[in-house]
Amino acid sequence: MVIILVFVTGLGIGYFARDAMGTLQRKDTHAADLAAIEKLHQKDIEATLSQDPKGLIDIWTEEVVRFNRGSPPAVGKQAIGAENEKVRAQYPGFKVLNYAAKYKNIQIEDGLACEWGEHEVQYKLSLEAPPGSWSGNGLNVLRRQSDGSWKFAVMNDRADTPARF
């Protein structure tokens, strides 16, 4: 009877210890994922402010889908790059004066994350143009990369105040 009691106790301790360790590992992974997602957000802000063409492409997965109100979705990095180039060609003096992004309700599960983003942008279409502004909010889906970094996989921004191009 003592042997059975010790065996069952050992199983119970092992089960609960494994569950506790799994919880700790998930918390560590979750914290690392949140830090890597914040790093992606900072890259987005830096690339937007500098209008660095490479930086504006590097934040996306290869198979990204970007939805902009009033336009068909851009599917893939190349399509987004082409859209960005079109705007640069149309407005060669375009400059972002300020860009603020706030993210809420980040949910992470199995290498994917979902978040709600709010964006505020002030810009100038040219050196002579008066400043304009754009604000919007939307849902983003992010994907963890093999190196532990994160990239945007889906971005669906809904403009509260449309940009004036």
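1. A contact here means heavy atoms within 4.5 Å. Counting contacts between residues at least 6 apart in sequence, 52% join residues at least 24 apart in this protein. The model is predicted, and the points below should be read with that in mind.

2. Confidence. The mean pLDDT of the protein is 86, and 79% of its residues reach 70 or more. Helix H2 (residues 53-58) has the highest confidence, at a mean of 96, whereas H1 has the lowest, at 73. Statements that involve H1, including the Asp 33 pair in point 5, concern the element with the lowest confidence.

3. Overall layout. The protein holds three helices and six strands. Along the sequence their order is α-α-β-β-α-β-β-β-β. Of the 165 residues, 33% count as buried. The accessible surface comes to about 10600 Å², and carbon and sulfur atoms account for 61% of that surface.

4. Salt bridges in general. Side chains of opposite charge can pair when their charged atoms come close. Searching the whole structure gives seven salt bridges. Three of them are described in points 5 to 7, among them two that use an arginine of strand S5.

5. Asp 33 and Arg 144. The side chains of these two residues form a salt bridge, with N to O at 2.7 Å. Asp 33 belongs to helix H1 (residues 2-50) and Arg 144 to strand S5 (residues 132-144), so the pair links distant parts of the chain, 111 residues apart. Is each partner buried or partly exposed? Asp 33 counts as buried because its relative accessibility is 7%, under the 20% cut-off. Arg 144 has a relative accessibility of 31% and therefore counts as partly exposed.

6. Glu 63 and Arg 143. A second salt bridge joins the side chains of Glu 63 and Arg 143, at 2.1 Å from N to O. This pair also links distant parts of the chain: Glu 63 is in strand S1 (residues 60-68), Arg 143 is in strand S5, and 80 residues separate them. Glu 63 is partly exposed, at 45% relative accessibility. Arg 143 is partly exposed as well, with a relative accessible area of 30%.

7. Glu 83 and Arg 66. Here the side chains meet in a salt bridge of 2.5 Å, N to O. Because Glu 83 lies in helix H3 (residues 77-90) and Arg 66 in strand S1, the pair ties together parts that are 17 residues apart in sequence. Glu 83 counts as partly exposed at 25% relative accessibility, while Arg 66 counts as buried at 13%.

8. Helix H3. This helix has 14 residues, and the distance from its first C-alpha to its last is 20 Å, close to the 20 Å expected at 1.5 Å a residue. Which residues of H3 are buried? They are Lys 77, Ile 80, Gly 81 and Asn 84. Seen down the axis of H3, these buried residues fall within an arc of 100°, so they line one face of the helix. Gln 78, Lys 86 and Ala 89 are exposed on the other side of H3.

9. Points to check in the viewer. Strand S5 can be followed to Arg 143, paired with Glu 63, and to Arg 144, paired with Asp 33. Strand S1 contains Glu 63 and also Arg 66, whose partner Glu 83 sits in H3.

Methods:
Residues numbered from 1 in each chain as written. Heavy atoms only, no water. Salt bridge = Lys/Arg side-chain N within 4 Å of Asp/Glu carboxyl O. Helix = DSSP H or I, 4+ residues; strand = E, 2+ residues; numbered from the N terminus. Buried < 20%, exposed > 50% of the residue type's maximum accessible area, 1.4 Å probe, protein only. pLDDT = per-residue confidence, 0-100. Areas by Shrake-Rupley, 256 points an atom, 1.4 Å probe, with all protein chains shown as cover. Expected span 1.5 Å × (residues − 1). Arc of directions from axis to C-beta.
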